[in-house]
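Me: I've just opened this one and I'm new to it. Could you walk me through it and explain the terms as we go?

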Amino acid sequence: MISYDSTFSLIDTHCHLLHIINKSTISAFSPQELQEIKKILHQAALKNITHVIEVGTTAIDSILCVELAKIFKNVFPVVGIHPHEANIHYQKTAIAGNISVIKNLLEVHTEKIVGIGECGLDKHYPDHNLEAQQALFEAQIELALTYNKALVVHTRDAEQETYAILERYKTDLKRVVIHCYSNSLDFAQAVTSWGWYLGIGGTVTYPKNTQLREIVKKVGLSSIVLETDAPFLPPQIIRGKTNAPEHIQTIAHYLADLLEKNIEEVARITTCNSERLFEYHSSGAQCS
Ligand SMILES: [Zn+2]
């Protein structure tokens, strides 16, 4: 990472660098791929994004996330299986196979890995398999508890089912983020009352997303971490283009305006939240 002089530090708590460079098979990173990632991180650093959480979505992805984090010291891996993997073609044996890959990664790289995910429930597509998703989700919650890692939750069009599972774990699970928050105010108030965080990204800037802006105002910065979900969900000003970690600063400025705070305060609070959530300590921000 380049060193630079700055008054604040921001963190992208949810991104997919591997998807940005289109890497989905297990092989060593080529010099070209490494160059591409280096450039993305450099652009981010110029905009004060000092750390990036790289989130896995499949077993292969998760293995590569860990490899990437070995190469780039300011990239922290989260390993897990996305609910999209559990569609109607998904076999019971695949759940066990996938979970054993994640477990093995946790055994071998326990210090480096900062979380489990993204995992959860997603009923958006007609070929989803809710029963398999539930089993996969609970198995990953158990891993987060066993290995004391943060849990990164993906939930889409499945608020009730997600709540039913999470509610059972509300006292055991201490460090949780509901990524790309798109649920109701009630759900937000419940999970934040349990001390969990909402991941807020580009979607908060979309003109139609009044509900999310109201939720952000109600829960306040103390329950928020910033994320891009790059290459997906670019903020409004670059809508239609590929998202990247550097756009965390766009989201931070947007929240500063929305909440009538300055950017330094948004950065300090959300960065400290991210450190509490993922338990790494390197931003230099003063967190109490
Ligand atoms: Zn994601």
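Me: What makes helix 8 and helix 9 roughly perpendicular to each other?

Reply: The axes of helix 8 (residues 210-219) and helix 9 (residues 248-259) come within 11 Å and cross at roughly 70°. Axes here are lines fitted to C-alpha atoms, for helices over the stretch in contact, and angles run from 0 to 180 degrees between N-to-C directions. Angles under 35 degrees count as roughly parallel, over 145 as roughly antiparallel, 65 to 115 as roughly perpendicular and the rest as oblique. Helix 8 and helix 9 are therefore roughly perpendicular.

Me: Which residues of helix 8 and helix 9 meet?

Reply: On the helix 8 side they are Arg 213, Val 216 and Lys 217, and they meet Leu 255, Leu 258 and Leu 259 of helix 9. Being in contact takes C-beta atoms, placed from the backbone, within 7 Å. By type, this contact has four nonpolar residues, no polar and two charged. (Ala, Val, Leu, Ile, Met, Phe, Trp, Tyr, Cys and Pro count as nonpolar, Asp, Glu, Lys and Arg as charged, and the others, Gly among them, as polar.)

Me: How do you know how far to trust all this?

Reply: This is a predicted model, where local features need pLDDT of at least 70, side-chain atom pairs count only at pLDDT 80 or more, and totals for chains, interfaces and linings use all residues. Residues are numbered from 1 along each chain as its sequence is written. The pLDDT, the predictor's confidence in each residue from 0 to 100, averages 94 for the protein, and 95% of the residues score at least 70. Over residues 1-5, though, pLDDT is below 50, and beyond near neighbours in sequence that stretch has eight contacts in the model.

Me: Why are helix 3 and helix 4 called roughly parallel?

Reply: Helix 3 (residues 59-71) and helix 4 (residues 92-108) have axes that come within 9 Å and cross at roughly 10°. Set that against the parallel cut-off above, and helix 3 and helix 4 are therefore roughly parallel to each other. Ala 59, Ser 62, Ile 63 and Val 66 in helix 3 meet Asn 98, Val 101, Ile 102 and Leu 105 in helix 4. That contact has six nonpolar residues, two polar and no charged.

Me: What makes strand 1 and strand 8 the edge strands?

Reply: The open sheet has eight strands in the order 1-2-3-4-5-6-7-8, with parallel pairing. Strand 1 (10-15) and strand 8 (224-226) each pair on one side only, and that puts them at the edges. Strands are DSSP runs of E, at least two residues, while helices are runs of H or I, at least four, both numbered from the N terminus.

Me: How do you know that strand 2 and strand 3 pair?

Reply: Two strands pair if DSSP finds at least two bridges between them. Strand 2 (residues 49-55) and strand 3 (residues 75-79) have four bridges, in the parallel sense. Val 55, for one, has Val 78 in strand 3 as its bridge partner.

Me: Why is the protein called as compact as a globular protein of that length?

Reply: The radius of gyration is taken over C-alpha atoms, and the globule rule is 2.2 Å times the number of residues to the power 0.38. The protein has 18 Å, close to the 19 Å that the rule gives for 288 residues, so it is as compact as a globular protein of that length. It has 10 helices and eight strands.

How values were computed
Two residues are in contact if their C-beta atoms, placed from the backbone, lie within 7 Å.
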